[in-house]
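Here is my note on the structure, set out as numbered points for someone meeting it for the first time. Please read each point with the structure open beside the text.

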Amino acid sequence: MGPTTSGDRSEICFFDLETTVPQRRGQGYAILEFGAILVCSKRLLELESYSTLVRPDNLASISPSSERCNRITREDVASAPSFSEISDKVHDLLHGRVWAGHNIVRFDCLRIREAFEKIGRPAPEPKGIIDSLALLTKTFGRRAGNMKMATLANYFNIGEQRHRSLDDIRMNLEVLKYCATVLFLESSLPDILTADSVVSPRPTTRSISNSKSSPEGPSPNMQAPSSSIYESVPNLSPTDIENGEPHPIISLLTCHIGEEIPSLDASDSAQPDPFDMSRLSNEIKTEAYQLDVTMEEKPEPESPEVSLATAVAGGCSGYAGFLEPDEVSVTSISASLTPYYRGTDRIKLLHEDVVLQLFCSRLRVRFGISKKFVDQAGRPRLSIMVNVSPSLCRVLDACDAVAKKRFEDCGSSSEWRPVVNRKDGYVNYPTVRLHIPTVVSGDIVQYATEIHQKDSSGTVQKLVFSKFDAAELDNLFRTGIFVDAFFSLDPYDYQQSAGIRLVAKNLIIHSY
């Protein structure tokens, strides 16, 4: 489609990158495809689309892991233009417009900046950024499961993700439209349409929030990259995008890019977001949370062998939203109350207004599989103890302080158990317990944690278990080995004991 854009650059530029998958630390990413669609902010019409394959400097950087991720081969890009050759077009599409995409703040925006720095040109600057990963986590919640684009598309039955730029952009637009429509309908008849919800969107409990804005970031609702050009993104008001009655999707988007930092004063009469569902929180009934049973999400088709970087890279990741400890600003950690069960509340730990989840590499196993605790059915509650670094201790200690204060403010008198274990004689080696939960379906018990093995070449093999066997895991998690861990932080208050439970979502065992 040819260019039909206006001179004021009021269009929203949805864009997506496909990249190589790094095979070793410090290798970096190479862009293999760039795609962008300019969308009219008033009617959601597609005004212009552009897509091209990109030839990397080194064709050998396209590894088998990269090909499995996006199916772009060396032969596909051998005759494609280099990024330098398309940089004028890319800059023209992006500069001075609102950028939009899924997980772009932590991945695509960084890759664009790196690509322009590499060719010695100033990078384009956005007028505003809409990251649908953070936006939908905040407004739609996790009712569809995790926040991967493929999972959201499966939830709405709109096809499979292809990991190609224009296809993924159009899928992103469709997902946003569906989510906005659901929220629009629910807000019209909340007593009826949300009465049977079993997984609610996370409410925005501003009047009781302890969240603090980061001195380095623009807003608690945007996870900005470290570069200054992306940290100072101006806000847009809804009137900048639409005059008159807004389209539901425009309201959903503008509540993200135009939102001010939440006030801590309960008397503040700030204008509510068009789709702020917190007023419905008392109407939404959520499932009882079971410590040892987690919702099993439908797995995506994938090769059993993937690179470790595939699990970490934003472009191909199923784990977008997990932060490394050094990425966490402890002043931006807060604790928020969310609906729990039969009118009760539970506490969630947030970082910049998004649920805090962590990724840590090379954690040394201190003690292997523990089986001393059992559930009501007599099955072992499995866990491992790992040594933790000072940076992780810093984050976990801050989480402890914030969660403990919130429990005390809510009237809890339970004894607080610090998440980091420090004992005499081990002062230099603090430890934490990583829990490995299970999923029960009838008589079948499976691990809710995905477990992989990484060999000396850097290749990661997903392990498939036919049955629940604690002894089998004990052979894998031996004392002294290293694991990479993706985990959530779940505060609990049970039988006069309270604390934070670290629940492993994915463990990668170093087998060399």
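**Notes on the cores and a helix pair**

1. A good residue to begin with is L473, which, once its neighbours within four places in sequence are left aside, is in contact with I369, L382, I436, Y447, I451 and F465. Please keep in mind while looking at these contacts that the model is a predicted one.

2. L473 also belongs to the largest nonpolar core, a set of 51 residues in which L358, L473 and F477 touch the most other members. The element that gives the most to this core is helix 13 (residues 390-409), which supplies nine residues. Apart from this core lies another, made of 26 residues, among them L44, M149, F156 and L173. In soluble globular proteins, nonpolar side chains tend to be buried together.

3. Turning to the helices, helix 3 (residues 83-94) packs with helix 4 (residues 104-118) at an angle of about 130 degrees, and their axes are 11 Å apart. Because of that angle, helix 3 counts as oblique to helix 4. The crossing of the two is left-handed, and the contact is made by F83, S87, V90, H91 and L94 from helix 3 together with I112, A115 and F116 from helix 4.

4. For the protein as a whole, there are 14 helices and 20 strands, and 52% of the 512 residues count as buried. Among contacts with a separation of 6 or more, 71% are between residues 24 or more positions apart. The protein exposes about 23,800 Å², of which carbon and sulfur atoms supply 48%.

Key:
Residues are numbered from 1 along each chain as its sequence is written. This is a predicted model: local features need pLDDT of at least 70, side-chain atom pairs count only at pLDDT 80 or more; totals for chains, interfaces and linings use all residues. Side-chain values use heavy atoms; hydrogens and water are left out. Helices (H or I, at least four residues) and strands (E, at least two) are DSSP runs, numbered from the N terminus. Buried means under 20% relative accessible area, exposed over 50%, partly exposed in between (1.4 Å probe, protein chains only). Contact means heavy atoms within 4.5 Å. Accessible areas come from the Shrake-Rupley method with a 1.4 Å probe; for residues, only the protein chains shown count as cover. A nonpolar core is a set of buried Ala, Val, Leu, Ile, Met, Phe, Trp, Tyr and Cys residues joined through side-chain atoms within 4.5 Å. Axes are lines fitted to C-alpha atoms, for helices over the stretch in contact, and angles run from 0 to 180 degrees between N-to-C directions. Angles under 35 degrees count as roughly parallel, over 145 as roughly antiparallel, 65 to 115 as roughly perpendicular and the rest as oblique. A crossing is left-handed if the near helix is turned anticlockwise from the far one by less than a right angle, and right-handed if clockwise.
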